[in-house]
Amino acid sequence: MNIFSATRAIAAREWRAYFESPLAFVFLIAYLLLAGIFTFTFGGFFERGDASLAAFFNWMPWLFLFLVPAVGMRLWSEEHRLGTIELLLTMPIAPWQAILGKFLASWAFLILAIALSFPMVLTVNWLGSPDNGTILAGYVGCALVAGTYLSIASLASACTRNQVIAFIFSIMICLLLNLLGFPPILDLVGRWIGTEGIEVMAGFSVLSHFDGFQKGVLDSRDVIYFVSISVFSLFATGVVLRGHRAG
């Protein structure tokens, strides 16, 4: 039997579960409304006088900070609450298959939400002549940021049966990864840690690695950063779940 068949089955189950509830559509609408508000109101889209989606991408790591944990908090906490996690972990599948299946379904849902913002791309192309390559790179970066936050939310969800606790914990970790590269924070601590310290600190930040995608630069180091955090978080999720199964 194909070792990925169980992963596909779990991913398909999770994907269907999203659209069996109106919450999925509420999330999609909320994301698009908030993205529009942050882009056109707080992002100064029209004041920039530039046909680009810089105003949109600037806000995405901060918007994902709350929306992605809202999606990921239920991944394992719900299984804990319903008592189905024991059944899932005693099925003839490896824990990594269940983890990967749930992650891929949720990530695909987030990518769908991001893709539904395509009217903004049409808008800037109607208003001017933007660099669509840069826009595409920005969308790739958004997908990677969402996947990274989601993997952290998965780990938080595996650690507790309380979805609210998982939500708050994942927000705190993701916020830390943002603040490590937030210019005001870097300026504040720069006087104590110096230039080299700032570079090291920013190297752990989501904002620093997302910046290249916003500029249209697909740097392998940035991709490796996001993939590494995601893999580590999913691996840690497996360790936590194996502990549950052993218990």
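Let me start with two helices, H3, which covers residues 54-72, and H11, which covers residues 206-214: in this predicted model, their axes come within 11 Å and cross at roughly 155°. Two packed helices are described by the angle between their axes and the distance between the axes, which is the reason for beginning with those values. Angles over 145 degrees count as roughly antiparallel, and therefore H3 and H11 are roughly antiparallel to each other. The crossing of these helices, H3 and H11, is right-handed.

Which residues make the contact? On the H3 side they are Ala54, Phe57, Asn58, Pro61 and Trp62, while H11 brings Leu207, Phe210 and Gln214. If we sort the residues of this contact between H3 and H11 by character, we find six nonpolar, two polar and no charged.

Now let me turn to empty space inside the model. Rolling a probe the size of a water molecule over the atoms shows where empty space is left. When the whole structure is searched, one cavity of 30 Å³ or more is found, and the largest cavity holds about 50 Å³ of space.

What lines the largest cavity? Its lining is made of Phe27, Tyr31, Phe64, Leu67, Val68, Leu110, Ala113, Ile114 and Ala146, and the elements that give two or more residues to that lining are helix H2 (23-42), H3 and helix H6 (95-115). H3 will be familiar, as it is the helix whose axis crosses that of H11. As for the character of the lining of the largest cavity, its residues divide into nine nonpolar, no polar and no charged.

Note on methods
Residues numbered from 1 in each chain as written. Predicted model: local features only at pLDDT ≥ 70, side-chain atom pairs only at ≥ 80, totals over all residues. Heavy atoms only, no water. Axes fitted to C-alpha atoms, helices over the stretch in contact; angles between N-to-C directions. Helix = DSSP H or I, 4+ residues; strand = E, 2+ residues; numbered from the N terminus. Parallel < 35°, antiparallel > 145°, perpendicular 65-115°, else oblique. Left-handed = near helix turned anticlockwise from the far one by under 90°. Contact = heavy atoms within 4.5 Å. Nonpolar A, V, L, I, M, F, W, Y, C, P; charged D, E, K, R; others polar. 1 Å grid on protein atoms, 1.4 Å probe; cavity = no way out; pocket = protein on both sides within 12 Å on 5 of 7 lines; lining within 4 Å. Points joined across faces, edges and corners; volume = space filled by probe spheres on them.
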